Amino acid sequence: MNKLVIASRESKLAMWQAEHIKARLEALYPALTVEILGMTTQGDQILDKTLSKIGGKGLFVKELELALQEGRADIAVHSIKDVPMNLPEGFALAAICEREDPRDAFVSNNYASLHELPAGAVVGTSSLRRESQIRARFPHLTIKPLRGNVQTRLRKLDDGEFDAIILAAAGLKRLELAERIRAELAPSESLPAVGQGALGIEIRADRADLIDLLAPLNHADTHACVTAERSLSRVLGGSCQIPIGGFATITDDVITLGGFVAHPDGSVMLTASASAPRDYADALGRAVAKKLLEQDAGPLIEAVIAEQAAK
């Protein structure tokens, strides 16, 4: 192979991610020409509705998958948290790269932390996962939806539409905006989204020629942790319509996975955790999901989906 084309969304963060993978491939294979095919997805175009109302995160990857299918691109680079738990038939994840900071970040111009916000202060987030956890701990705060790319969200904060917003720390750091972070929320305060902070490289499943080429980009520890997290979410039918979180760490080849399912208003918060050797990452995810289902996560999820559909 002499040339490889990367499909990417055109937001600054997505292009940073594509450029990062391009640079790594060029360093690994100096004779390889790597180009980026930028495109706008439905998820980027529809900004006046929350993801839970427009079909979820799959809207960020469909156009990129079409480019792979039509041969216009060889690989697609995604924030793995945007990738649905079940890929369409004919596609595969070839590599999961080393994770950046997986935590959520508190961003505000006037307050140093969620604890400092006064009653009625407005916090912006379009994530039901973040909303449920904030409402559970800070019921006196007002949560309002916030969509758009990182720059748009920061501009809305600076324009005074919100007292604070919650963003992924990884995105801010990749865009050299870490100075906007007032506090990083520990997983015990805000359990991250499944796969948060990690990049995934998607290919057509029949492109066996790319597997060896991309293998050096795969980070074994991140791959094991994200596999456990995605397995948990897959069993529970994870999507943007349900407040679900999952975060795994690995120490001495043992993965520890924590997960939760909640009601968006924070009134119900089911949690579970377990550990297993790295070779059993997928089974670990299923085991933690089973613990949540034993706490009646199933009826809770059904009720939340029905409520979201009725809005």
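**Exercise 1. Find where Asp158 and Arg180 meet, and place the two residues in the chain.**

Step 1. The side chains of Asp158 and Arg180 form a salt bridge, with N and O 2.7 Å apart. The model is a predicted one.

Step 2. Now place the partners. Asp158 belongs to helix α6 (residues 150-158). Arg180 sits in the loop between α7 (169-174) and β9 (181-185). The two are 22 residues apart, so this pair links distant parts of the chain.

Step 3. Check the exposure of Asp158. Its relative accessibility is 42%. Buried needs under 20% and exposed needs over 50%, so Asp158 is partly exposed.

Step 4. Look for linked bridges. Asp101, Arg103, Lys173 and Glu184 form one network through salt bridges that share partners. The count of salt bridges comes to 24.

**Exercise 2. Describe the salt bridge of Arg9, and decide whether its two ends are buried or exposed.**

Step 1. Identify the partner. Arg9 pairs with Asp82, and their closest N and O atoms are 3.5 Å apart.

Step 2. Locate both ends. Arg9 is in strand β1 (residues 3-9). Asp82 is in the loop between β3 (75-79) and β4 (91-96). They stand 73 residues apart, and the pair links distant parts of the chain.

Step 3. Apply the cut-off for burial, under 20%. Arg9 has a relative accessible area of 16%, so Arg9 is buried. Asp82 has 10%, so Asp82 is buried.

Step 4. Read the pair another way. The side chains of Arg9 and Asp82 are also joined by a polar contact of 3.5 Å.

**Exercise 3. Explain how Glu26 and Lys22 are placed in helix α1.**

Step 1. Start with the bridge. Glu26 and Lys22 meet through their side chains in a salt bridge, 2.9 Å from N to O.

Step 2. Count along the helix. Glu26 and Lys22 are four residues apart in α1 (residues 12-28), so about one helical turn separates them.

Step 3. Compare each value with the cut-off. Glu26 has 31% relative accessibility and is partly exposed. Lys22 has 18% and is buried.

**Exercise 4. Test the span of helix α11, then work out which residues are buried.**

Step 1. Compute the expected span. Helix α11 (residues 297-310) has 14 residues, and at 1.5 Å a residue it should span 20 Å. The end C-alpha atoms are 20 Å apart, which agrees.

Step 2. List the buried residues. In α11 they are Ala297, Leu300, Ile301, Val304 and Gln308.

Step 3. Look down the axis. The buried residues of α11 fall within an arc of 100°, so they line one face of the helix.

Step 4. Turn to the other side of α11. Glu302, Ala309 and Ala310 are exposed there.

**Exercise 5. Trace the largest nonpolar core and its contributors.**

Step 1. Begin with the general pattern. Nonpolar side chains tend to be buried together in soluble globular proteins.

Step 2. Take the core itself. The largest nonpolar core holds 24 residues. Leu236, Val261, Leu284 and Leu292 have the most contacts inside it.

Step 3. Name the contributors. The elements giving two or more residues to this core are α9 (220-235), β11 (244-251), β12 (254-262), β13 (269-277), α10 (281-294) and α11. The largest share, five residues, comes from α10.

Step 4. Zoom in on Val261. Leaving out residues up to four places away in sequence, Val261 touches several residues, among them Leu236, Leu292, Ala297, Leu300 and Ile301.

Step 5. Find the other core. Another core, of 19 residues, lies apart from this one, and its members include Leu25, Leu32, Val77 and Ile201.

**Exercise 6. Work out what surrounds Tyr29.**

Step 1. Place the residue. Tyr29 is in the loop between α1 and β2 (33-39). At 24% relative accessibility, Tyr29 is partly exposed.

Step 2. List its contacts. Beyond neighbours within four places in sequence, Tyr29 contacts Asp212, Leu213 and Pro216. The side chain of Tyr29 reaches the backbone oxygen of Leu213 at 2.7 Å.

Step 3. Relate Tyr29 to Leu236. The two are 207 residues apart in sequence, with C-alpha atoms 40 Å apart in space.

**Exercise 7. Decide how covered helix α5 is, and find the cap at its N-terminal end.**

Step 1. Use the count. Seven of the ten residues of α5 (residues 128-137) are buried, and the helix is mostly covered.

Step 2. Name some. The buried residues include Leu128, Arg130, Glu131 and Ile134.

Step 3. Find the cap. Ser127 caps the N-terminal end of α5, with a side-chain oxygen 3.2 Å from the backbone nitrogen of Arg129.

Key:
Residues numbered from 1 in each chain as written. Predicted model: local features only at pLDDT ≥ 70, side-chain atom pairs only at ≥ 80, totals over all residues. Heavy atoms only, no water. Salt bridge = Lys/Arg side-chain N within 4 Å of Asp/Glu carboxyl O. Buried < 20%, exposed > 50% of the residue type's maximum accessible area, 1.4 Å probe, protein only. Expected span 1.5 Å × (residues − 1). Arc of directions from axis to C-beta. Core = buried A, V, L, I, M, F, W, Y, C linked by side-chain atoms within 4.5 Å. Contact = heavy atoms within 4.5 Å. Polar contact = N/O pair within 3.5 Å; in protein donor to acceptor, adjacent residues only side chain to side chain.
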